[in-house]
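Visitor: Could you take me through one part of this model slowly, choosing a place where chains meet? I am new to this, so please explain any term you need along the way.

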Amino acid sequence: MMKINVNGQQREAHAGESILDLCRREGIPIPTFCYHQAFGGQGACRMCMVEIKEEGQTRSRMVAACTYPLTQPAEITTESEQILRIRRTIAMLLARRADKNALLETMCQKYGASRLPAIVVEPANCILCGLCIHACAEMGKSAIWSMFRGVDKRIATPYDEASDDCMGCAACAQVCPTQAIKVEEEGAVRRIWNKTFALVACTRCGKPYATRDELDYLGQHGDFGQEKLCEACRRKTLAANMQTFQA
Amino acid sequence: MGGRAMQTEMNPGKGDRQTVLVCCGTGCTANGGREVFKAFSQSLQHHPEIEVLPVVKATGCNGWCEKGPLVRLIPKDITYCSVAPADVDEIISKTLLQGVPVKRLLYRDPVSKEHLTSHHLTDFYRKQHKIALRNIGEIDPGQIDDYIQRGGYQALQKALLGMERQEVIDTIKAAGLRGRGGGGFPTGQKWQACRNAAGNPKYIICNGDEGDPGAFMDRSIMEGDPHTVIEGMCLGAYAVGAARGYIYVRDEYDLAVQYLRQAIDDARQRGYLGKNILNSELSFDIELVRGGGAFVCGEETALLASIEGRVGEPHDKYVFPTEKGLWGKPTVINNVETWANVPVIMLHGAESFAAIGTDKSKGTKVFSLVGKVVNTGLVEVPMGTTLREIIYEIGGGVLKKRSFKAVQTGGPSGGCIPAALLDLPIDFDSLTEAGSMMGSGGLIVMDDHTCMVEVARYYVSFLAGESCGKCTPCREGIRALLEILTRICEGQGSIEDLDLLEDISVTMQQASLCALGRTAPNPVLSTLRYFRDEYLEHIQQQRCPAGVCRALSVFHIDPEICNGCGVCVRHCSVNAIRGEKKQVHVIDESICIHCGECYRQCAFDAIKLR
Amino acid sequence: MQIDAKEYENASAYQSLIKTYAGKPEYLLAIMQDIQRQYNYLPRLAITMIASHVGLPVSRVYAMASFYKAFSLTPKGRFVIRVCDGTACHIKNSETLLDQLEKQLQVRPGQTTADGLFSVETVNCLGACALAPVMVINGKVYGKVNRSEVERIIKEYGGQSDAN
């Protein structure tokens, strides 16, 4: 354990953990857009910049809390004029991409960001946090990735066409902080990333809950139970089983 | 003292044998250098009366492209400029056979009007001090023996057979060599960190992804002296204990790729690469990787990603590549010019290298002097030489005697230096206070016909296409900067725009993921600092004082000065100028597209900007 | 992802090119460069075959293709005209050359003429700054080019002269 001073208070950090992990554990707030506990830090949105001065250094420097590894005693500041200006500017810039989105509206208000003219991005409201890419890579077959570069960069399937690798599981849509990924459902059909999927009905309540492709993939990668149950019914069944067990 | 000796020792000469060196670098090839080479090769076959058969060689870029195609005859040391195939026979009969120079092909000093025989006597070459460029224009880059004859691979021999690995690192440290790619990191320190790091195998990489527009130092070395890079890398590999190396070459550099590939093959054949080099314990080999066309891949971590088969997105460098680099292993990445200096330091010792330059910037630096300057090309001078010396004494001053406005240094990461600061010495640290940096060595001279707002816009536009797009401040910041600058150039700017430019710039400098984003605001901030009035004139007077921004430039011909020569008519692409020969000409406003060609072409300054 | 049936005729040709490299991500750039050089673009089928060979998802290979300027996802023209927009060329008015090309060929940078003859691109500094402005057509370098020379050169390659 190392002694790290954050905002004037002594804290204890595990060697090698990120500044953000330390602060989250200690309840010190640092705003982020592209961080997710499941995937670790990406260093993309730059909202989490903090100042750090390590032992032996004369000046502090601005680093991304989500990716900076703590390896020696240090002093960290999470709120300063420069830091607030960075947060304000990042919020202002990202809000252009998600002009009417509630999350960006909140961040702009919180940091006093002025609003610049909106820009058209694809998908609408995407702030390029990249969380969807991680979700798809972890849970699925990497059907989407960030394509092109610079100001033209956007998340897409190859050729913007229905991808053979897409299972329609919508894990990407679930992690998206601005709900930018469109999932259209009508009856037993789901449409996402320009691909149409047949939805399988829950055997208990009859609600369409997962795509055939998704269930096939899960089936190939392990036995997740023969019974096709939606989330709610699975919980109810589990609860019932637990009761029976305890009885 | 030490420097000069170093230079000549690497040039043992070829004895009595006459050699014709025809420059075939990219610049001279475009001007027809290869045709001249072919003409010499052909014609010299038909001269049995010559006692020694001259050897015609293709050489690497001399850098003096303005005067190309260049032909140099040694050992007489006569240089001919702008040579055409039609001149070849005369050169052979007069100079090679009779020893008489062909006056009209000699370089003519614009001030003294003298004809000079040797390129060593011209201002352009005289004031240079070649270490990294020592072999360029003197050897055939496709012949390993040329390199060896000029002392090549002697440094490697000396190190492998007589020095400890740590000794090599200590020599580089003592020499004070710092990275020549722009970062200026102490090379010895980098090698030491890699040597100390845990992990195997270790890697040596040459960063040949030279991307700064206006810079071609590395191209010249890779094309003209590929073996110096290889020898440097071998020495680095020995020092840190690496077994594999990569040379990452920019995709657009076809000729460099060709010569490097051949040099690697030749080095392998001669035993300078491969297992147990020179029967020592060093086993090291190099692979060539061709870039995919991305400026951002000049950034170390993006370069590594590229080699690993990923898109060129950098990541935070909180842990250096010397600790975790290629595939997570300790890696040394150095620039082409840095590697080119290594064999010289190892062969001649740290002291003679450290005797050149300034306190904190040792040795020489290669600059590419381009733009509105008389003598364009590569210039290698000791660190600490002033901008004025380079631009005026070596460069010959501003083209067409126009007035100097600024010199852009450091490429898209640098800034513009105005006339008042021309006496600044160039080294790693001196330009930062002025709001710029030396960078990789690009020096772009600008005159009064250059619009500084448009220059800022140009650099931001360049980076908009090159940013990887991963982080918010760079991607969205550059987008916003470009929108604002374009608006200003089109006459739609407001005074508040200047505050917004500065605000966004500060965040980019502090929060961007990599140096591309962090330095992207530099051209904007430096032009704002020294040429704010030009910005204000665009915004408040709706006028571009340089006559570049089309929406803000209106031209008219002054009837008092116009002599009806008609040059402007020839250059007008829309036929907007009317006038009889020797009569005053007039621009038809209804047709004129405000491109400014007439304004720039008029030799009498008869066209005015309203 | 749709793949034209015709592309399968080239399948074995793609495969032999791809197989000259081991199936590892580190050869991705090199494989793609070879295909690009051979076919003047990256065919869809080739992209899926490359992905399979190196063991990566198709999205990753497409990301590479769309990220790096060396690659083209659509076929380029027979003659690729590259106008250098490096700083030296820019201040020597490379923009004028692009205007002339647009006038003559009716395409802007990034586009290919309808007859498939010409593609126009702006390219980063070629390092021939002393010859600014520079234009390269299929590897042949033209230096100190002006509008009328552009017109003449394009005609030599089979393009029309100015519309007016």
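Guide: Two residues are said to be in contact if their C-beta atoms, placed from the backbone, lie within 7 Å. With that in hand, and keeping in mind that this is a predicted model, we can turn to the place where chain C meets chain A: ten residues of chain C are in contact with 17 residues of chain A, and the side of chain C that touches chain A is made up, by class, of six nonpolar, three polar and one charged residues.

Chain C also meets chain B, where 41 residues of chain B are in contact with 32 residues of chain C. On the side of chain B that touches chain C, at least two residues each are supplied by α2 (26-30), β9 (285-290), α13 (300-307), β11 (364-371) and β15 (442-447) of chain B, and the largest share, four residues, comes from α2(B). Sorted by class, that side of chain B has 15 nonpolar, 18 polar and eight charged residues.

It is also worth asking how confident the predictor is about chain B. The mean pLDDT of chain B is 90, and 93% of its residues reach 70 or more, yet over residues 1-14 of chain B the pLDDT is below 50, although this stretch has 25 contacts in the model beyond near neighbours in sequence. Residues 49-56 of chain B likewise have a pLDDT under 50, and for them the model has 16 contacts beyond four places in sequence.

Key: Residues numbered from 1 in each chain as written. Chains lettered and ligands numbered in written order. Predicted model: local features only at pLDDT ≥ 70, side-chain atom pairs only at ≥ 80, totals over all residues. Nonpolar A, V, L, I, M, F, W, Y, C, P; charged D, E, K, R; others polar. pLDDT = per-residue confidence, 0-100.
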